[in-house]
Amino acid sequence: MRNLLLVAEQVAVLFALMGVGAVLRKTRLIDEKGIGGVVNLLLLVVTPCLIVDSFQRPFDPSMLASLGLAFLIAVAGHGLVIAVARRAVRHPDENVRRPLVLAAVFSNAGFMGVPLEQAILGETGVFFGVVYVVVFNLFMWSWGVRTMEKETRLAWSWRAVVNPGTVGLALGLPLFLLSARLPTCLAAPVRHLADLNTPLAMIVIGYSLAGARLGRVLRLPAAYVASGIRLVAYPLALVAGLSLFRGCLDRDMACALVIAASAPVAAMVSMFAVRYGRDVDAAVAVVSGTTALSILTMPPVIALALSVL
């Protein structure tokens with residue numbers, strides 16, 4: 001119960017910040033162009049700074065080993081949920097089905113997961129949560145692109161390897177391996193920018209929620225299946241799998257992976273629907289709907305992970 005209340009309190013804080021984004025939209029204090037600038041700031045500046053800041057710690061061989069293990073677990077987890085989603089999410093219209101398949105697979109591990117990892121586990125949680133974001137990008141820009149394209153072919157994009165997550169990792173990991181500290185004139189700005197991640201990410205999500213049209217997706221059974229996999233089935237399966245090896249795993253690493261996996265549908269799913277000419281309304285609605293539902297699903301899932309891992 002204590003863990004549940006702790007997580008619920010942190011999720012409530014995030015949703016309160018989302019409320020600011022919703023108010024900004026409703027009062028027209030910020031428009032689509034303005035929120036697009038905030039997203040660019042988050043992706044291209046704040047995210048790499050957050051990652052670099054999380055790696056500002058003395059080298060520890062056991063943490064490096066846990067980092068590599070987290071990568072392998074995240075890869076295996078994505079592979080498993082892809083196999084399930086491809087068979088479970090059904091709809092006669094491929095333009096609807098394909099975004100929903102992606103919705104079942106890809107969580108908002110960056111914007112929603114990282115703030116919670118930071119709030120619940122501290123900088124160590126972000127240290128391990130970054131790995132999930134890197135794997136997310138690897139799969140999104142390879143399998144995700146291939147799934148959403150209208151021509152079937154092997155797809156790979158340079159963004160699978162070169163993106164804000166991998167750039168931050170490339171800059172931060174050597175600092176960790178060498179136990180090197182940035183000079184104060186660099187470390188302080190990096191820390192200040194990293195601290196912007198939670199409020200800016202939640203404002204962006206709240207802004208999107210305020211403009212969501214959920215009516216149509218409520219009539220799509222496939223959306224319920226995708227949402228169930230994303231919010232409940234996959235994170236609980238991950239908790240169950242990790243609990244079998246809890247004596248061998250770093251607890252913070254395991255809990256960070258569960259937090260990332262329990263997050264709602266990634267906003268990038270709706271962006272891909274636009275990019276590849278799929279059903280945008282269904283994609284936006286399932287992103288918004290799972291975000292709203294996550295206030296009910298994330299606390300018990302994460303509390304369970306904190307209790308058993």
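**Helix H6 and the contacts around it**

Helix H6 comprises 26 residues (residues 123-148), and at 1.5 Å a residue these should span 38 Å; the C-alpha atoms at its ends lie 35 Å apart, which agrees. The expected span is taken as 1.5 Å times one less than the number of residues, and helices are DSSP runs (H or I, at least four residues) numbered from the N terminus. The model is a predicted one, in which local features need pLDDT of at least 70 and side-chain atom pairs count only at pLDDT 80 or more, while totals for chains, interfaces and linings use all residues. Residues are numbered from 1 along each chain as its sequence is written, and side-chain values use heavy atoms, with hydrogens and water left out.

H6 has a kink of about 35°, centred on methionine 140; the bend at a residue is the angle between axes fitted to the seven residues ending there and the seven starting there. Of the 26 residues of H6, 23 are buried, so the helix is largely enclosed by the rest of the structure. Here buried means under 20% relative accessible area, exposed over 50%, and partly exposed in between (1.4 Å probe, protein chains only).

Turning to charged contacts, five salt bridges are found in a search of the whole structure, each being a side-chain nitrogen of Lys or Arg within 4 Å of a carboxyl oxygen of Asp or Glu. One of them joins aspartate 53 to arginine 191, with 2.8 Å between the closest N and O atoms. This pair links distant parts of the chain, since aspartate 53 sits in helix H2 and arginine 191 in helix H8 (residues 184-194), 138 residues apart. Aspartate 53 is buried at 9% relative accessible area, whereas arginine 191 is partly exposed at 33%. Arginine 191 also meets glutamate 123 in a salt bridge (2.8 Å, N to O). Because arginine 191 lies in H8 and glutamate 123 in H6, this pair ties together parts that are 68 residues apart in sequence. Glutamate 123 is partly exposed, with a relative accessible area of 33%. Asp53, Glu123 and Arg191 are thus linked in a network of salt bridges.

A more local salt bridge is formed by the side chains of arginine 97 and glutamate 94 (3.0 Å, N to O). Both residues lie in helix H4 (residues 94-105), three residues apart, about one turn of the helix. An α-helix has 3.6 residues a turn, so residues three or four places apart point the same way. Arginine 97 is buried at 15% relative accessible area, while glutamate 94 is partly exposed at 30%.

Aromatic contacts come next, with nine aromatic pairs in the structure. Rings of Phe, Tyr and Trp (its six-membered ring) pair if their centres lie within 6.5 Å; planes under 30 degrees apart count as stacked, over 60 as edge-to-face and the rest as tilted. Phenylalanine 55 and phenylalanine 176 have ring centres 6.2 Å apart and planes at 65°, so the pair is edge-to-face. Phenylalanine 55 lies in the loop between H2 and helix H3 (61-88), and phenylalanine 176 in helix H7 (residues 164-177), 121 residues apart. Relative accessibility is 0% for phenylalanine 55 and 0% for phenylalanine 176. The rings of tryptophan 141 and phenylalanine 272 have centres 5.1 Å apart and planes at 70°, so this pair is edge-to-face. Tryptophan 141 belongs to H6 and phenylalanine 272 to helix H12 (residues 268-275), 131 residues apart.

How values were computed: Helices (H or I, at least four residues) and strands (E, at least two) are DSSP runs, numbered from the N terminus.
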